[in-house]
Amino acid sequence: MKERKCLEEYFEGFAPWRWLHGVFKYLTIFFLMAVVLVIFSIVLSRYVFRTNLFGMDEILNICALWLYFMGGIYGTYEESHIQGDLLNLTFTKRWHYKAHKIYIYVFCTVLLALWSYWGIRFFGDSVGSIRKNTGTGIPFWVNQIPIPIGMWGMFFYSIYHLARNIWNPVSSYITREEKEAAEKKALGIEGLDGEEADS
């Protein structure tokens, strides 16, 4: 019986799917550059020209919030966020890794569903507000809108990873020993003992 393909093989060949996380990727890059530029402008004006650019702290806050949550969305898609997981050191079977991944994404999806619900309410409160930033006059919802967008985006990709780990065959996972062996092979130290490898 032919083994089914991994779910990501279907999605990655779908152009709108690639465009979607491409948008989040380039928004992250854009706001990262904006944060650097604003900080450079603030430092230059304060310590070189001995003046203060009024309202720049508010613009920095807006750019930083967008950067944080757009980066959070893209990091969730890439699974590149920081993890502190010691359980996988005890796993010896491929199905252990699969079950562990499913457990992680069930937990993450439930939490993000709750935060996304709060994000909807937060979105309504923010858009309905007439508050503005004192320095720039930018509506306050511009500061707040990346929060619900970030929650919805991370929730969306968490559902994707949950479905992917449920769908993917056990053979698509690798154990720690297999990963270490592959890394040694790539480095050309396969079959060497400890002293030879260190030398």
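## Exercises on a predicted helical model

Phenylalanine 54 counts as exposed, at 68% relative accessibility. The model is predicted, and the exercises below work through its helices, its salt bridges and some single residues.

**Exercise 1. Describe the overall make-up of the chain: how many helices and strands does it have, and what share of its residues is buried?**

Step 1. Count the elements: there are eight helices and zero strands. Along the sequence this gives the pattern α-α-α-α-α-α-α-α.

Step 2. Turn to burial. Of the 199 residues, 30% count as buried.

Step 3. Look at the surface. The accessible surface comes to about 13,400 Å², and carbon and sulfur atoms account for 68% of it.

Step 4. Check the contacts. Among those with a separation of 6 or more, 78% join residues 24 or more positions apart.

**Exercise 2. Locate phenylalanine 54 and compare two residues of helix 2, leucine 44 and serine 45: is each buried, partly exposed or exposed?**

Step 1. Phenylalanine 54 sits in the loop between helix 2 and helix 3. Its C-alpha atom is 9.5 Å from that of isoleucine 42, twelve residues away along the chain.

Step 2. Leucine 44 belongs to helix 2, residues 15–47. Its relative accessible area is 30%, so leucine 44 is partly exposed. Leucine 44 also contributes to a nonpolar surface patch of about 820 Å², whose other members include Phe40, Tyr47 and Phe49.

Step 3. Serine 45 is in helix 2 as well. The cut-off for burial is under 20% relative accessible area, and serine 45 has 5%, so serine 45 counts as buried. Leaving aside residues up to four places away in sequence, serine 45 touches Arg50, Thr51 and Leu53.

**Exercise 3. Trace the salt bridges: how many are found in the whole structure, and which residues form a network?**

Step 1. The search finds three salt bridges.

Step 2. One of them joins aspartate 57 and arginine 46, with the closest N and O atoms 3.4 Å apart. Because aspartate 57 lies in helix 3 and arginine 46 in helix 2, the pair ties together parts eleven residues apart in sequence. Aspartate 57 is partly exposed at 46%, and arginine 46 is partly exposed at 34%.

Step 3. Lysine 101 and glutamate 79 also meet in a salt bridge, 3.4 Å from N to O. Lysine 101 is in helix 4 and glutamate 79 in the loop between helix 3 and helix 4, so this pair ties together parts 22 residues apart.

Step 4. Glutamate 79 meets arginine 164 too, at 2.9 Å from N to O. This pair links distant parts of the chain, 85 residues apart, with arginine 164 in helix 6. Arginine 164 is buried at 11%, whereas glutamate 79 is partly exposed at 22%.

Step 5. Put the pairs together: Glu79, Lys101 and Arg164 form a network of salt bridges.

**Exercise 4. Place threonine 76: which helix holds it, and what does it touch?**

Step 1. Threonine 76 is in helix 3, residues 56–78. At 10% relative accessibility, threonine 76 is buried.

Step 2. A polar atom of the threonine 76 side chain lies 2.7 Å from the backbone oxygen of glycine 72.

Step 3. Beyond residues up to four places away in sequence, threonine 76 touches His81, Met154, Tyr157, Ser158 and His161.

**Exercise 5. Examine helix 4: what do its buried residues pack against?**

Step 1. Helix 4 covers residues 94–127 and reaches 47 Å between its end C-alpha atoms, close to the expected 50 Å.

Step 2. Its buried residues include Tyr105, Leu112 and Gly119. The buried residues of helix 4 pack against helix 5, helix 6 and helix 7.

Notes:
Residues are numbered from 1 along each chain as its sequence is written. This is a predicted model: local features need pLDDT of at least 70, side-chain atom pairs count only at pLDDT 80 or more; totals for chains, interfaces and linings use all residues. Side-chain values use heavy atoms; hydrogens and water are left out. Patches are made of residues with over 30% relative accessible area and no salt bridge: like charges are joined within 9 Å, nonpolar side chains (Val, Leu, Ile, Met, Phe, Trp, Tyr) within 5 Å. Accessible areas come from the Shrake-Rupley method with a 1.4 Å probe; for residues, only the protein chains shown count as cover. A salt bridge is a side-chain nitrogen of Lys or Arg within 4 Å of a carboxyl oxygen of Asp or Glu. Helices (H or I, at least four residues) and strands (E, at least two) are DSSP runs, numbered from the N terminus. Buried means under 20% relative accessible area, exposed over 50%, partly exposed in between (1.4 Å probe, protein chains only). A polar contact is a pair of N or O atoms within 3.5 Å; within protein, one must be able to donate a hydrogen and the other to accept it, and residues adjacent in sequence count only if both atoms are side-chain atoms. Contact means heavy atoms within 4.5 Å. The expected span of a helix is 1.5 Å times one less than its number of residues.
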